Amino acid sequence: MESIKLSRLFLKGAILALIGFSTASAQWATDPTVNSAISTASLNQINSQAISDGAGGAIIVWQDERNTFDYDIYAQRINANGNVMWTADGVLICGQVDVQAVPKIVSDGAGGAIITWEDLRTGGSNDIY
């Protein structure tokens, strides 16, 4: 009789642990009017694009003004559960002097991405917007 009680207690504990794990790992907002944060960095994040990562998640790229008043290019990967996978607020792709803008992203066919952007560090016109 004691072993049945212990088995039931163990089973209840295992179920509660699994429920707690699945709830804790999901990051998607449950309210459709609230976005899941990809970056909460200061200043402007604009011109974003996203592609599938082939595993239910996505890779997102954007133009970001957080470090200076010149834009840089950042990216973030989000998994199928809505968890950001790379550094908080994204990974710096290009942070050279002057403006890097209007990023474009395509799949590399292997779960990664190819990212391109306009780059004004070679003395091009600053009138790209």
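**Reading strands, rings and exposure**

Visitor: Which residue in strand 6 is the bridge partner of K104?

Guide: T116 is the bridge partner of K104. Keep in mind that this is a predicted model. To read a strand pair, find the residues that face each other, then count the bridges and check the direction. Here six bridges join strand 5 (residues 100–107) to strand 6 (residues 113–119), and the two strands run antiparallel.

Visitor: What links strand 5 to strand 6, and where is the positive phi?

Guide: The two strands form a hairpin with five residues between them, and G109 in this hairpin has a positive phi near 80°. A second hairpin can be read in the same manner. Strand 1 and strand 2 also have five residues between them, and in that turn G54 has a positive phi of about 80°. Six bridges join strand 1 to strand 2, again antiparallel. Q45, for instance, stands opposite D64 in strand 2.

Visitor: How many helices and strands does the protein have?

Guide: There is one helix, and there are six strands. Along the sequence the pattern is α-β-β-β-β-β-β.

Visitor: In what order do the four strands of the open sheet lie?

Guide: The order is 1-2-3-4, with antiparallel pairing. To find the edges of an open sheet, look for strands with one partner. Strand 1 (45–52) and strand 4 (91–94) each have a single partner strand, so one side of each is left without a neighbour in the sheet. From one strand to the next, the twist averages 25°.

Visitor: How many bridges join strand 3 to strand 4?

Guide: Three bridges join them, and the strands run antiparallel. On strand 3, Y74 stands opposite L92 in strand 4.

Visitor: Y74 has an aromatic ring. How many aromatic pairs does the count give?

Guide: The count gives one aromatic pair. Reading such a pair takes a distance between ring centres and an angle between planes; planes under 30 degrees apart count as stacked. The ring centres of W62 and Y74 are 6.4 Å apart and their planes are at 15°, so this pair is stacked. W62 belongs to strand 2 (residues 58–64) and Y74 to strand 3 (residues 72–78), so the pair ties together parts that are twelve residues apart in sequence.

Visitor: Are W62 and Y74 buried or exposed?

Guide: Both W62 and Y74 are buried. Y74 has a further partner: the charged end of R66 sits over its ring, 3.7 Å from the ring centre.

Visitor: Which tryptophan is found in strand 6, and what does it touch?

Guide: W117 is found in strand 6. For contacts, set aside the neighbours within four places in sequence; W117 then touches I73, I93, C94, Q100, A101, V102 and P103. The C-alpha atoms of W117 and K104 are 6.1 Å apart, while the two residues are 13 apart in sequence. Buried means under 20% relative accessible area, and W117 has 27%, which makes this residue partly exposed.

Visitor: Where is D98, and what does it touch?

Guide: D98 is in the loop between strand 4 and strand 5. Not counting residues up to four places away, D98 touches D70, Y71, L120 and R121. F69 is 29 residues from D98 along the chain, and their C-alpha atoms are separated by 8.9 Å. D98 is partly exposed, with a relative accessible area of 31%.

Visitor: Which residue has a positive phi although it is not a glycine?

Guide: N47 is one such residue, with a phi of about 55°. N47 lies in strand 1 and is partly exposed at 38% relative accessibility. L43 is another non-glycine residue with a positive phi, near 60°. L43 lies in the loop between helix 1 (2–25) and strand 1, and is partly exposed with a relative accessible area of 44%.

Visitor: What do the totals for the protein give?

Guide: Of the 129 residues, 27% are buried. The protein exposes about 8400 Å², and carbon and sulfur atoms supply 59% of that area. Among contacts with a separation of 6 or more, 40% are between residues 24 or more positions apart.

Key:
Residues are numbered from 1 along each chain as its sequence is written. This is a predicted model: local features need pLDDT of at least 70, side-chain atom pairs count only at pLDDT 80 or more; totals for chains, interfaces and linings use all residues. Side-chain values use heavy atoms; hydrogens and water are left out. Rings of Phe, Tyr and Trp (its six-membered ring) pair if their centres lie within 6.5 Å; planes under 30 degrees apart count as stacked, over 60 as edge-to-face and the rest as tilted. Buried means under 20% relative accessible area, exposed over 50%, partly exposed in between (1.4 Å probe, protein chains only). A charge sits over a ring if NZ of Lys or CZ of Arg is within 6 Å of the ring centre and within 35 degrees of the ring normal. Two strands pair if DSSP finds at least two bridges between them. Axes are lines fitted to C-alpha atoms, for helices over the stretch in contact, and angles run from 0 to 180 degrees between N-to-C directions. Contact means heavy atoms within 4.5 Å. Accessible areas come from the Shrake-Rupley method with a 1.4 Å probe; for residues, only the protein chains shown count as cover.
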